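Colleague: I should be grateful for a close look at a single part of this model, namely its nonpolar interior. Please place that part in the setting of the whole chain.

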Amino acid sequence: MKPQISQYPKVVSSIYDVQKPAQTIAVSNTQRLAAIGCSGEVRIVRIDSPTGITDMCNHSDSPANSFITDLTWSAVDIGKLAIAYSNGSILCLNVAEKASRQSQILTEEWTSGRVSSGVNRLSWHPRDPKVIASANQDGIVRIFDFRIPQAAAKVSSFGQRGFAATRDIEFDPFHADVFAEVSENGSLKVWDKRSPSKPLINKPKAHSGPILTVSWSPCWEWVLATGSKDKTVKLWDVSECNASYVEKNESEVNNMFSSAVQAMANNAANLSISPSRNSTPIANSSTKSNTNSDSIEPVLVNTISTSSEVARLR
C-alpha cells in the first residue's frame, strides 16, 4: 500500500535585495509593512503578497556617528514605527501605507534626543501608542510618555546608572503596567511602571551568562522566557507578582504616585484577583505570599539547551 503523505500548503517566497548589510528588521502587526535597518538608514517596504514586495520610502536622517540598534512597530497604532540608535536616541515615525499627493508617506512624530550612551531595545506599551520603553546601555530602563502634544515627553527611570547594561525589555500583554527587563550581568527583573522604586521580581543570577532577550507568553499570564549567551532558554513563572499587582483604571494610572494608589499596593495581598479567562497559570500563586519580602523569586519551569547563544525571542 502506498503510504499517505501529508499535503502541506505550497511554500512561496520572495527575495528582496537590500543591497546593504541589514542589522535589524521588523514587520508591522498587520503584516503589510516591513522596516529594515541598514546601518543608519531605515528602508520601509510594503508586502503586497507572498511574492510581491514594493519599496515605499527611506529614512536616512540618522544621528551622526550612530547606527540603528532596534526597530519596532506599535501594535495599537498601525503605521507607528520606533527606531533606536546606538548614540542613545529614539525616533518615532508615522508611516502612511497609502498617501495622497498632498500628504507625505513618512513623517517624524517625536524624538527623545540623546538620553543614554546607547539604546539596545525598545518596547511599545500594549495599549497606549504614545508610551514606549527603552533598554539602555547605561543600565537604566526609561519609559517615555509623549501623549501631550507640543510638550516634552514625561520620562520615568527604573534601575541605577552604572549597573550592567540592560539588553532587552518587553511589556506584559496581559498587564499593561508590567514589564520585564534583562541585563548583561544575567539578572531578570519585573517592574510595575507605576512603582519605579522597587521591582516586583528581582532574580540576580537568572542565567550564568549575559541575558540578551526576554519575551512574555501571549497565551499564559505571568509566564515569560529568557535567552542568554550561556546557550539556554529558560521559562519562568512569575505569578508571585499577582499578589502585589493590582490593575487600575486610567484615572488611577494618571495619579500613580498618589497616596490612594500606594495604599492599594500595600494592601494588594488582601485583595481577590481573578485570572484572565484564557490564562492557564503554570504555578498556583494562591499558595504564595511573599509581598513583605525584599525580593520575590520567580519559579524556573524549564531550561532548554541550544547550540548557540540566544539573541532574540519573540
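**The nonpolar cores and their surroundings**

Modeller: In this predicted model, 51% of the contacts in the chain with a separation of 6 or more are between residues 24 or more positions apart. The chain has 314 residues, and buried residues make up 48% of them. Its secondary structure consists of two helices and 20 strands. The chain exposes about 16400 Å², and carbon and sulfur atoms supply 50% of that area.

With this setting in place, the interior can be taken up. The largest nonpolar core comprises 18 residues. Within that core, the residues with the most contacts are Val178, Val190, Trp216, Trp222, Leu224, Val238 and Cys241. Three elements give two or more residues to this core: β14 (178-183), β15 (188-192) and β17 (211-216).

Cys241 merits particular attention. The relative accessibility of Cys241 is 0%, so this residue counts as buried, the limit being under 20%. When neighbours within four places in sequence are left aside, Cys241 is in contact with Val190, Leu200, Ile201 and Trp222. Of these partners, Val190 and Trp222 are also listed with Cys241 among the residues with the most contacts inside the core. Another cysteine, Cys219, has a relative accessibility of 45% and therefore counts as partly exposed, a class that lies between 20% and 50%. The structure holds zero disulfides, so no pair of cysteine sulfur atoms lies within 2.5 Å.

A further core lies apart from the largest one; this other core has 17 residues, including Ala35, Ile44, Leu93 and Val95. Val95 leads to an open sheet, since strand β7 covers residues 90-95. The sheet has four strands in the order β5-β6-β7-β8, with antiparallel pairing. At its edges stand β5 (68-73) and β8 (106-111), each of which pairs on one side only. From one strand to the next, the twist averages 25°. Strands β7 and β8 pair in the antiparallel sense over five bridges, and Val95 stands opposite Leu106 in β8. Val95 thus belongs to the 17-residue core and also faces a residue of an edge strand.

Two loop residues offer a contrast to this interior. Asn65 is found in the loop between β4 (52-59) and β5, the latter being an edge strand of the sheet described above. Phi of Asn65 is near 55°. With a relative accessibility of 84%, Asn65 counts as exposed because the value is over 50%. Lys231 lies in the loop between β18 (223-228) and β19 (232-237), and its phi is near 70°. Its relative accessible area is 41%, so Lys231 is partly exposed. Both phi values are positive in residues other than glycine. Most residues other than glycine have a negative phi.

Thr232, at the start of the range given for β19 (232-237), provides a link to a distant part of the sequence. Ser307 and Thr232 are 75 residues apart in sequence, yet their C-alpha atoms are 8.5 Å apart in space. Ser307 is found in the segment after β20 (299-305). At 72% relative accessibility, Ser307 counts as exposed, whereas Cys241 in the largest core is buried at 0%.

Notes:
Residues are numbered from 1 along each chain as its sequence is written. This is a predicted model: local features need pLDDT of at least 70, side-chain atom pairs count only at pLDDT 80 or more; totals for chains, interfaces and linings use all residues. Side-chain values use heavy atoms; hydrogens and water are left out. Buried means under 20% relative accessible area, exposed over 50%, partly exposed in between (1.4 Å probe, protein chains only). Contact means heavy atoms within 4.5 Å. Accessible areas come from the Shrake-Rupley method with a 1.4 Å probe; for residues, only the protein chains shown count as cover. Two strands pair if DSSP finds at least two bridges between them. Axes are lines fitted to C-alpha atoms, for helices over the stretch in contact, and angles run from 0 to 180 degrees between N-to-C directions. A nonpolar core is a set of buried Ala, Val, Leu, Ile, Met, Phe, Trp, Tyr and Cys residues joined through side-chain atoms within 4.5 Å.
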